[in-house]
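Biologist: I have a model open here and would like to go through it slowly. Could you walk me through the sheet first and then any empty space inside?

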Amino acid sequence: QPAVRVLRQRVAGGGFAELLQAGLGGELSEAGRGYVADILTSVERLGEQIESLLDLSQSEAGLLPLAVEDIELMPFATKLVEERSERIREAGLTLDLRGDKSAGRISGDSRRLARAIGHLLDNAIAATPAGGRLLVDIDRQRVDGKDVARIVISDNGPGMDPATLARALDGLKVSGDGKTIERRQGLGLPLARQLVEAHGGKLELYSEPGQGTAAIVELP
């Protein structure tokens, strides 16, 4: 896909920035070190976008390969929250993580599930104003006679009306020939939904203006 090739070429430039950071091009000034750090941060974000785009296109085509392993849910969720602790603090938010080892294990691709749940957390952080509160609740429930793991991520941000929520779930759409990409919104929510569904699970979003948003993930 042409768009992906261009992105990969840009990411390759990150290797040169790493060499500069290591001092192979000589001692950098303070400003130069700052520039290199900014380049590496941008490259890392771009790499994540490439991975997400590839996962979304493969998932939509039903070709997403999963590296299945046992995942202990509470340590898994705790790590994702801890990775965002500084961002949560800088945003002036509080986060309540609820659950215990009774949440048990699931079988899945930990890297891709981390991306899915991470996108939901990132959206909640971005949508919640300073002084707000986030809740991450992990448990097990019986749903339609089946035992499922449930991850709830909710915020008390401004919320969305039904039309805005529907547009957010649309995200990016890759054309049938794989040559063009139509950008409707961000790809976080649609990718999270595709990744959860690739594991045989379900993602539901509930939101109302002034009442915040809740994302509920159910996994077998």
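Modeller: Let us begin with words: two strands pair if DSSP finds at least two bridges between them, and helices (H or I, at least four residues) and strands (E, at least two) are DSSP runs numbered from the N terminus. This is a predicted model, in which local features need pLDDT of at least 70 and side-chain atom pairs count only at pLDDT 80 or more, while totals for chains, interfaces and linings use all residues. Residues are numbered from 1 along each chain as its sequence is written, and side-chain values use heavy atoms, with hydrogens and water left out.

Biologist: OK, how do strand 5 and strand 9 pair?

Modeller: Strand 5 (residues 146-155) and strand 9 (residues 212-219) are antiparallel and share seven bridges. Val152 stands opposite Ile216 in strand 9, and Arg150 has Glu218 as its bridge partner there.

Biologist: And what joins strand 4 to strand 5?

Modeller: Those two strands also run antiparallel, joined by 10 bridges, with Leu134 opposite Asp155 of strand 5. Their hairpin has two residues between the strands, and Asp144 takes a positive phi near 55° in it.

Biologist: What order do the strands of the whole sheet have?

Modeller: The order is 2-4-5-9-8, in an open sheet of five strands with mixed pairing. At the edges are strand 2 (94-98) and strand 8 (202-208), each of which pairs on one side only.

Biologist: Which helix packs on the sheet?

Modeller: Helix 6 (residues 110-127) does, touching strand 4 (133-143), strand 5, strand 8 and strand 9, where contact means heavy atoms within 4.5 Å. The direction of helix 6 makes about 30° with that of strand 5; axes are lines fitted to C-alpha atoms, for helices over the stretch in contact, and angles run from 0 to 180 degrees between N-to-C directions.

Biologist: Is strand 5 mostly covered or exposed?

Modeller: Strand 5 is mostly covered, since eight of its 10 residues are buried, that is, under 20% relative accessible area with a 1.4 Å probe and protein chains only.

Biologist: Changing topic, which residues line the largest cavity?

Modeller: On a 1 Å grid over the protein atoms alone, a cavity is a set of points where a 1.4 Å probe fits but cannot get out, and lining residues have an atom within 4 Å of a point. The lining consists of Ala77, Leu80, Val81, Ile117, Leu121, Val136 and Ile153.

Biologist: Which helix gives the largest share of that lining?

Modeller: Helix 4 does, with three residues.

Note on methods. On a 1 Å grid over the protein atoms alone, a cavity is a set of points where a 1.4 Å probe fits but cannot get out, and a pocket is an open set with protein on both sides within 12 Å along at least five of seven lines; lining residues have an atom within 4 Å of a point. Buried means under 20% relative accessible area, exposed over 50%, partly exposed in between (1.4 Å probe, protein chains only).
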